[in-house]
Amino acid sequence: MRFLDNPLHESQALVIEGNAQSRSIIVAQLRELGVGHVSQCARVNDARRKLEAQRFDVIVCEQRFDKESGSGQELLDDLRRQQILPFYTVFIMLTAEASYSKVAEAAESALDAYLLKPHTGARLGESILSARARKRALQAIFSAIDEQDFERAATLCLERFHAREDYWLYAARIGAELLLRGARLDEARQLYEAVIAAKTLPWARLGVARAQLEAGQPAKAVTTLEALLADDDGYADAYDVMGRAHFELGNFEQALSTYAMATRLTPSAVSRLLKHGMLAFYGGDRAEGVELLDRAARLGVDSKLFDPQALVLLALARFDNNDTRGLQRCVEQLARNADRSFEPERPRRLHRFATAINALHHRNNAEVQAIATEFMKQVRDPAFDVETACNLLTLMTRMVDRGAAPPDAEGVVNAIALRFGTSRAMSELLGCAAKGQAAWTKALASGHAQVLKISEEAMRLSLKGDPGGTVEQLLSEAERLCNAKLIESAHQVLQRYGERIVARGPLQQRVDTLRGLYRMASLRLGEHTGHSTGAVPLSSGFRKPERAGLLDAAPAA
């Protein structure tokens, strides 16, 4: 399209600044630059709600707010982690701090500009133009992402990286992210390592750890992260990934202490409070977990950043404390969340659990039994995930305490133990969910060991020269238990010994069908959107706005 002489006149800007005088100055500067419409907020939480409801071409945000615990950096971290900011939005941070650590922190957040106060209107304008130039240079990459052509997008990134064209490091970061999300883990790791060789950057070192973690090598990821944090002990995203690595290893105490460090660094980051709080609730100090979840709810219960699973855990805490009004508030909040959700299946499921907890509190055993039975019948369904399993276990545990034990509870517990016993950490987490019922806790915690034994027995056939028999036995057990670990084991054996297996074709069809139904998945505490910590934000979740965005109106370089 033909670029406009005044590219800013149709754009929309948002100024987030606690000081009224400073805010009015920034608004005036933007208007002098020709920005068509300027909105303003004095508080971080108000800005978060506005950004969730409306898209802006330019955001100018103060780093620190005197009367709030939250910061502009934490707001940006949460927004980018939840993919709320579109690619075309220019985000500029204002600060009075000129320390290296703050500038590095801004760079890690993929900020478009970091301006020191006091600044001039001309300097603000230069920052906006410079940011748009980068976005314009990379527009082909993000257009391919918007079109779901991830292969072309990754290729464009790699070409820019190898040719050392403008913004080659940023392109490498996008390319590595695409490779990671496409499960091309070795290629992603190699690209991150190539970036480190060219110019050591914390985000590239974090990317190596993420690739190792996704490849099922949490111990290697911990080693990589320990070296990274030794050089930069204030890198909050690294603590997030370290916490998950320790969780995957079954080191709950280390995971909790690591998440606690991330929470201390960013005390108002909703998603970090959720992760820390949920793990503490299940596997640590439950009182601490409730306190953290309460804080997350106060900061953003109506926010898109908030995971409604936290309300289910808070409902359980209210039930345990005989807090009738608090429990009712949790039920009502989950009902509102389900009503306004575009994808209501999960919110409605969470609301059903809270409803059952409330019914149990009021001694309405018939309703509790009906809801519990409804979920108990779904244990083998593909849509029945580990989150639902944990919620069902916590509900059943309290039903037993109230003398309303559901029928065949032991059978359901064993089915859950064997279906989700994909790792030691997962089995221990399930055992924590049934805390208070010793027999259930023991059965759930032993689930992974039982699955390993089944797998080892099947592998003996391969050692005897019958890999086809191994695959057949693994698949039979996987179909019986719906266990993703057994399915993946069958897949790996088939890939390794396929040429020696006569019935490879039919077996591969069975494997593919089962993999489509029951995928390996970890419980990403507080990350319900699926966006991985440390990931660079991509624009694939956003539709192109009807009006021309700031990027579309950019002048030729």
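Here are some questions and answers about this predicted model.

Residues are numbered from 1 along each chain as its sequence is written, and side-chain values use heavy atoms, with hydrogens and water left out. As the model is predicted, local features need pLDDT of at least 70 and side-chain atom pairs count only at pLDDT 80 or more, while totals for chains, interfaces and linings use all residues.

Q: How many helices are there in the protein?
A: Let's start with the elements, which are DSSP runs numbered from the N terminus: helices are H or I with at least four residues, strands are E with at least two. The protein has five strands, and its helices number 27.

Q: What percentage of the residues of the protein count as buried?
A: Buried means under 20% relative accessible area, with a 1.4 Å probe and protein chains only. Of 557 residues, the share that meets this is 56%.

Q: Which helix gives the largest share of the largest nonpolar core?
A: A nonpolar core is a set of buried Ala, Val, Leu, Ile, Met, Phe, Trp, Tyr and Cys residues joined through side-chain atoms within 4.5 Å. The largest one has 72 residues, and F306, L392, I416 and L430 have the most contacts inside it. Nine residues of this core, its largest share, come from residues 309-320, helix α16.

Q: Which strands stand at the edges of the sheet?
A: Strands pair if DSSP finds at least two bridges between them. The open sheet has five strands with parallel pairing, in the order β2-β1-β3-β4-β5. Two strands have a single partner each, so one side of each is left without a neighbour in the sheet: β2 (37-41) and β5 (113-116).

Q: In β5, which residue is the bridge partner of M93?
A: Strand β4 (residues 90-95) pairs with β5 in the parallel sense over four bridges. In β5, the partner of M93 is Y114.

Q: At what angle to β4 does helix α5 run?
A: Angles run from 0 to 180 degrees between N-to-C directions, and axes are lines fitted to C-alpha atoms, for helices over the stretch in contact. Helix α5 (residues 121-137) lies across β3, β4 and β5, and its angle to β4 is about 145°.

Q: How far apart are the axes of helix α19 and helix α20?
A: Two packed helices are described by the angle between their axes and the distance between the axes. Helix α19 (residues 365-376) and helix α20 (residues 386-401) pack at an angle of about 145°. Their axes are apart by 11 Å.

Key. Buried means under 20% relative accessible area, exposed over 50%, partly exposed in between (1.4 Å probe, protein chains only). Contact means heavy atoms within 4.5 Å.
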